[in-house]
Amino acid sequence: MSPVQLAYEQLKAYEGLSTSAAGVGKDLVNEPMIRHWCEAMGDTNPAYRGPDAMAPPTMLQAWTMGGLSGHADRSGAYDELSTLLDSAGYTSIVATDCEQEYLRPLRPGDRITFDAVIESVSERKTTKLGTGHFITTRMDVHANGEPAGTHRFRVLKYAPAARLPKTAERSRTPQQPSHTPERSQAPQQAPQPSSHTSERSQGARQPQAPGQPRTRRPRPVINRDNAGFWEGVAGHRLLIQRCTGCRTLRFPWLPGCNACGSPEWDTIEASGAGTVFSYVVMHHPPFPAFTVPEHGADPPEHGVDPPERGSDTSGPQAVAPGPQAVPPGPHAVAPGGPHTDVPGPHTTAPDPNPNPHPTPYAVGLIELAEGVRIVSNVVGVPYDKVRIGMPVRLEFLRADEELELPVFRVAEGGEA
């Protein structure tokens, strides 16, 4: 069903309408929230603690949030606009970006108030996701009655673009590259022989029949700030950024140091050792792309370990499309060659007959031996056996013929 083209004047009439007037933050700016934020972000800047502490500027929106119970002083203008777009066929939504401007530091004890309006509604735009309208809201934040900052948040309300039939997708050649978001993130690679039929659906949640190709995992958004990380993964190296100014290690990758502000950095390679600092088990929604065969599958053949249950990753989702070479050696498993017992990262191969029923999987926050933390998957034990403090070791999971991901296997003797 094609979306209805709405009169732009009808949408533009919502610009300037209030979505929240004289809203009041549910809590004063306070030290516990600042501490929790800094711990979660790994931000050790001394400006955020002590008698003259201030809140990290990026917490600006946090003090305005209403929690599960929400705010009672919100107007219905935004809901009306959303309903209008829904009725015209623009039923999907995705956040695109936010902007913040800081006017004064926020300190413990400040009372936060705010006003929010629909700042703009764009004309109809066509994107790779589909056709729709960008909606920008602006929130003006005050601390004890003084202007403290501005927060702009932009979303796209859109009608999803129709996908090509799979037969048409498979018939493409390198001279006719696909322009789906999945394929637009990296240079074209020459096609490789494969016994699997490519599955492009990223949203399918129906169980797969045995022997059918598994749903492909989403591809990552690779940009100039994180491309080096994925290049490292392609070479079976987990790279950590290091500030060349203050020598602080940081992960995930950032364009500048959050300790001293220097934009200069280099990298070190992680040893691969770590422990489970925290974890969650994902039960719902079921998603076949993030599910692999049951723990305790048949023994590996030809020296290649089968992937374990729950071997998906969070955070950076996947490497750029294109086959990844697996060089034989002490830190890799070469398909068809002997398995090495030398400790270090190695690669597990995809199973041609994946589990047809989506199962829960464990997502862990792994503290590396170097002191930084990475979100990834804990493999090697059933999802319900993962425990905080478990020793783990880095390995690289080949999720399909194009994709490898860093995951962490429970070290021998580490199962509770």
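**Rings, charges and cysteines: a walk through one predicted chain**

Okay, so let's begin with rings: searching the whole structure turns up 4 aromatic pairs. Before I go on, please keep in mind that this is a predicted model. I'll come back to how confident the predictor was.

Let's look at one of those pairs, Phe229 and Trp253. How are the two rings arranged, stacked or edge-to-face? Their centres are 6.4 Å apart and their planes meet at 70°, so this pair is edge-to-face. If you're new to this, a pair of aromatic rings is described by the distance of the centres and the angle of the planes. Now, where do the two partners sit? Phe229 is in helix α5, which covers residues 227–234, while Trp253 is in the loop between β8 (249–250) and β9 (265–269), so the pair ties together parts of the chain that are 24 residues apart in sequence. Buried or exposed? Phe229 counts as buried because its relative accessibility is 3%. Trp253 is buried too, at 10%. And the two have company: ring pairs join Phe229, Trp230, Phe251, Trp253 and Trp265 into a cluster.

One more ring before we leave the topic. Over the face of Phe277 you'll find Arg373, 3.6 Å from the ring centre.

Right, on to charges. How many salt bridges does the count give? The count comes to 16 salt bridges. I've picked three to show you.

Number one is Glu119 with Arg138, whose closest N and O atoms are 3.1 Å apart. This pair links distant parts of the chain, with Glu119 in strand β3 (residues 112–121) and Arg138 in strand β5 (residues 130–143), 19 residues apart. Glu119 has 27% relative accessibility, so we call it partly exposed. Arg138, at 22%, is also partly exposed. Zoom out a little and you'll see a network of salt bridges linking Glu119, Arg138, Asp140 and Arg152.

Number two is Arg242 with Asp266, and here the closest N and O atoms are 3.0 Å apart. Arg242 belongs to strand β7 (residues 239–243) and Asp266 to strand β9, so this salt bridge ties together parts that are 24 residues apart in sequence. Arg242 is partly exposed, with a relative accessible area of 21%, and Asp266 is partly exposed as well, at 25%.

Number three is Glu404 with Arg398, at 3.6 Å from N to O. Are these partners buried or exposed? Glu404 has 0% relative accessibility, so it counts as buried. Arg398 is buried as well, with a relative accessible area of 14%.

Now for cysteines. How many disulfides does the count give? The count is 0 disulfides. Why is Cys246 not bonded to Cys257? Their sulfurs are 3.7 Å apart, and that's too far for a bond, because a disulfide needs the two sulfur atoms within 2.5 Å. Cys257 is the cysteine whose sulfur is closest to that of Cys246. Cys246 is partly exposed, at 32%. Cys260 is in no disulfide either, and its nearest cysteine sulfur, that of Cys243, is 3.6 Å away. With 42% relative accessibility, Cys260 is partly exposed.

A quick stop at a single residue, Thr19. You'll find Thr19 in strand β1, which covers residues 18–24. Thr19 is buried, because its relative accessible area is 4%. What does Thr19 touch, leaving aside its neighbours within four places in sequence? The contacts are Arg74, Ser75, Tyr78, Ala116, Val117 and Ile118.

Let's step back to the whole chain. There are 5 helices and 15 strands, and of the 416 residues, 42% count as buried. Among contacts with a separation of 6 or more, 71% are between residues 24 or more positions apart.

Last thing, as promised: confidence. The mean pLDDT of the chain is 76, with 70% of the residues reaching 70 or more. Where does the pLDDT stay under 50? One such stretch is residues 168–210, where the model has 69 contacts beyond four places in sequence. Over residues 293–344 the pLDDT is below 50 too, and the model gives that stretch 156 contacts beyond near neighbours in sequence. Where pLDDT is low, though, the predicted coordinates should not be read in detail.

That's my tour. Thanks for listening!

Conventions
Residues numbered from 1 in each chain as written. Predicted model: local features only at pLDDT ≥ 70, side-chain atom pairs only at ≥ 80, totals over all residues. Heavy atoms only, no water. Helix = DSSP H or I, 4+ residues; strand = E, 2+ residues; numbered from the N terminus. Buried < 20%, exposed > 50% of the residue type's maximum accessible area, 1.4 Å probe, protein only. Contact = heavy atoms within 4.5 Å. Phe/Tyr/Trp six-rings, centres within 6.5 Å; stacked < 30°, edge-to-face > 60°. Lys NZ or Arg CZ within 6 Å of the ring centre and 35° of its normal. Salt bridge = Lys/Arg side-chain N within 4 Å of Asp/Glu carboxyl O. pLDDT = per-residue confidence, 0-100.
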